[in-house]
Amino acid sequence: MQSKHKLQSASPPTDSRTTRARINLSQRWLVATIALGVSALVLFNNSAWIGSYTICSKSKNIYTVDPSNPRIECITVRGREISQVGNYGEFLRLSNRRIALRRIVGSSRSDPKIIAESIARSQIYLTEAVGLLPSWITRHMRIGGRIIQLDESSVLVPGLADAHAHIIENGYMRQLPLMGSQSIQEVVDRIKAYILAHPEVMSEKSHWIEGMGWDQTKWPGAQFPTASDLDEDPLLKGRLISLTRIDGHARWVSLAVLELMQKDMPQKVEGGLIVRDKQGNPTGIFVDNAMSLIPVPPWSETQLTNFFDMTIKEALSYGLTSIHDAGSSPDHIKFFKKYSHMRADAGTLSTRLYIMGKVDSEEYWGDQIPRLHDYGKHGRLNIRGIKIVADGALGSWGAALFKPYSDNSDTRGLMLSSPDTLSKLIHQFWKDGWQTNIHCIGDRANHEILNIFEDIIERRGGNVSEWRPRIEHAQIITPKDLTRMKRLGVIASVQPTHATSDMWFAETRLGPHRIKGAYAFQALLKASPSGVLPLGSDFPIEGVNPLLGFYAAVSRLSVDGTSPHGAGGWFPDQLLTREQALKGMTLDAAYASFAEQSLGSLTPGKKADFAVFDKNIMQVPVSEILGAKVIATIVDGVVMYGTL
């Protein structure tokens, strides 16, 4: 009896002379010629895809994110696409047909037409050709035609997507990372270590020192630092230092930088804040639009390449196959185009990129952003959306609120542009066919943007399913605006780790009433008519590892298992199920980038993008999710990280 857990071959049919047809010499030469061609291809391009392969899981740990077939035992990849999914019985029948045909090909006499038809039906010409290759050739193939059995504890899921991230900035932060600093002194110590490790910086005081990741809410007193704090150590004194806050919405500079800026520094900046002391002097902190005053030098192409490569390598190691870059300048887009063109031809652009163009201008700038559809050799670069920032961030008191902050009654945050300016811009982007993705943190910012979306959708005939407008973050929303989001069908693009990072100070900022409409992921999902809630990280503000977001979404706990509300999670009524979180990181993210027909789930005809983890993140205890490691990350059927 055949076991349902093993793929076995049936006996070849023997009742027909036709089925016993034998391949003649010309057919053998055809297969041999293909084999020689494959050999040449491998020798000149060792990352080439060859043949097809099947992956099976005895424990049915292949999660498709396809509601009609959510868990399966086997998946077959042919070329860049998924050709078949199902259970062992279906694949057994396919295997039997393949074995029978191999016996036909292996015989010595035949009718060439019958042979050709049989081979075409089973699509195995290439597989047979690969069988003629010597092992020293097949060892150089990324993937060969074979059957791969997953360990029972492993899991295979669609390639994970980050629906909101910053690729170049993540690499930038890695040069001098300040995340996790527990005090001003620790920041100073990290800068000193950086200077000592870089002789060219040590010897030249005019060399700019840039870092990112500090967070004053983690320090004693939780107050902004000052420029003087960077001048107390002799090694730092007189140096040009610019340090970006963890949320990217504030910068802390040294006294040397302030001296460069003093001559042309305005008293106020529209949509920004120059923090001043009681005497009116700048303290060294610049918030939101005021950051543009700091004369930091632009990044070179070498720096951009290093930042990009660093991020993509890290992303692949965590199972990410798609990244939505939430705000790229024309210069960065030019770099992406050039990189994609050069590297795609070499077969090394290994992640799908969905880029949102961004220009810091209140005048219409849509003509500065190129539209790209499946750009590059492998079609992995797309640009069809733009990014606008409506307000600041909660951690720097910049999120625009209707009422003053509970812990700072002097401010309601910052709208970075007026509602009228935002309306003109968004209307024009809609008219020109751009998806509009708007950064909104505070309840006022969300309200103002929903007013604009409502006007376009309900008064001007905007088709929401074609336009797919997004609110990035959607962190603090009033109950009335939540209802309005449901009516309009606007996509909320959220970051679960923001909730678990901010939960230690968010209620202090917002008070007991507003906090109930903050980081409300389950409510936002229910408010989506199509059940779509794309999830991202906003890296480098949070970590690149998507399991951090998955864990935060399903637990509402910090990585050490704690929360202000205890081990049950922070506002646990807003938890997502694991199925909802996985869909948010796959199919929902694909929908938010107009790619749901080709990405986001494991169904025949879609791109063969998936990730294999050594633990079943869909079933292990919540405390074990973050311990899962990526075995392999696959894009277009090719292993880009790890091994199968």
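In helix α15, which spans residues 479-488, the residues Asp481, Arg484, Met485 and Leu488 are buried, where buried means under 20% relative accessible area, exposed means over 50% and partly exposed lies in between, with a 1.4 Å probe and protein chains only. Seen down the axis of α15, these buried residues fall within an arc of 105°, so they line one face of the helix; the arc is that of the directions from the helix axis to the C-beta atoms. As a reminder, an α-helix has 3.6 residues a turn, so residues three or four places apart point the same way.

Before I go on, a word on what we are looking at: this is a predicted model, in which local features need pLDDT of at least 70 and side-chain atom pairs count only at pLDDT 80 or more, while totals for chains, interfaces and linings use all residues. Residues are numbered from 1 along each chain as its sequence is written, and side-chain values use heavy atoms, with hydrogens and water left out. Helices (H or I, at least four residues) and strands (E, at least two) are DSSP runs, numbered from the N terminus.

To return to α15, the face turned away from its buried side carries the exposed residues Pro479 and Thr483. What covers the buried residues? The cover includes α13 (443-459), α14 (464-467), β20 (491-493) and α18 (521-526), with contact taken as heavy atoms within 4.5 Å. Just after α15, Gly489 takes a positive phi of about 80°.

Two of those covering helices, α13 and α14, are also linked by a ring pair, and here I should introduce the aromatic residues. A search of the whole structure finds 19 aromatic pairs, where rings of Phe, Tyr and Trp (its six-membered ring) pair if their centres lie within 6.5 Å, and planes under 30 degrees apart count as stacked, over 60 as edge-to-face and the rest as tilted. In one of these, the rings of Trp299 and Phe307 have centres 5.5 Å apart and planes at 85°, so the pair is edge-to-face. Trp299 is partly exposed, with a relative accessible area of 23%, whereas Phe307, at 5%, counts as buried. The rings of Phe453 and Trp467 have their centres 5.3 Å apart and their planes at 85°, which makes this pair edge-to-face as well. Phe453 lies in helix α13 and Trp467 in helix α14, so the pair ties together parts that are 14 residues apart in sequence, and both Phe453 and Trp467 are buried. Elsewhere, ring pairs link Trp214, Trp219, Phe224, Trp252 and Trp397 into a cluster.

One member of that cluster, Trp252, brings us to a sheet, since Trp252 stands opposite Ile285 in β13. The two strands concerned, β11 (residues 250-253) and β13 (residues 282-288), pair in the antiparallel sense over three bridges, and strands are said to pair if DSSP finds at least two bridges between them. They belong to an open sheet of five strands in the order β9-β10-β11-β13-β12, with mixed pairing. Because β9 (209-214) and β12 (272-276) stand at the edges with a single partner strand each, one side of each is left without a neighbour in the sheet.

A second open sheet has four strands, in the order β5-β4-β1-β6, and its pairing is mixed. Which strands stand at the edges? They are β5 (81-86) and β6 (146-149), each with a single partner strand, so one side of each has no neighbour in the sheet. Strand β1 (residues 52-56) runs parallel to β6, and four bridges join them; within this pairing, the bridge partner of Thr54 in β6 is Ile147.

This sheet also carries the disulfide, and the structure holds one, a disulfide being a pair of cysteine sulfur atoms within 2.5 Å. The bond joins Cys56 to Cys74, with an S to S distance of 2.2 Å. Cys56 lies in strand β1 and Cys74 in strand β4 (residues 74-78), so the pair ties together parts that are 18 residues apart in sequence. The torsion about the S-S bond is about 110°, so the disulfide is right-handed, and both cysteines are buried.

I will finish with strand β15 (residues 352-357), in which six of the six residues are buried. Both faces are covered, with Arg352, Tyr354 and Met356 on one side and Leu353, Ile355 and Gly357 on the other. Strand β14 (residues 320-328) runs parallel to β15 and is joined to it by six bridges, and five bridges join β15 to strand β17 (residues 381-389), again parallel. Among the partners, Ser328 is bridged to Gly357 in β15, and Tyr354 to Asn382 in β17.
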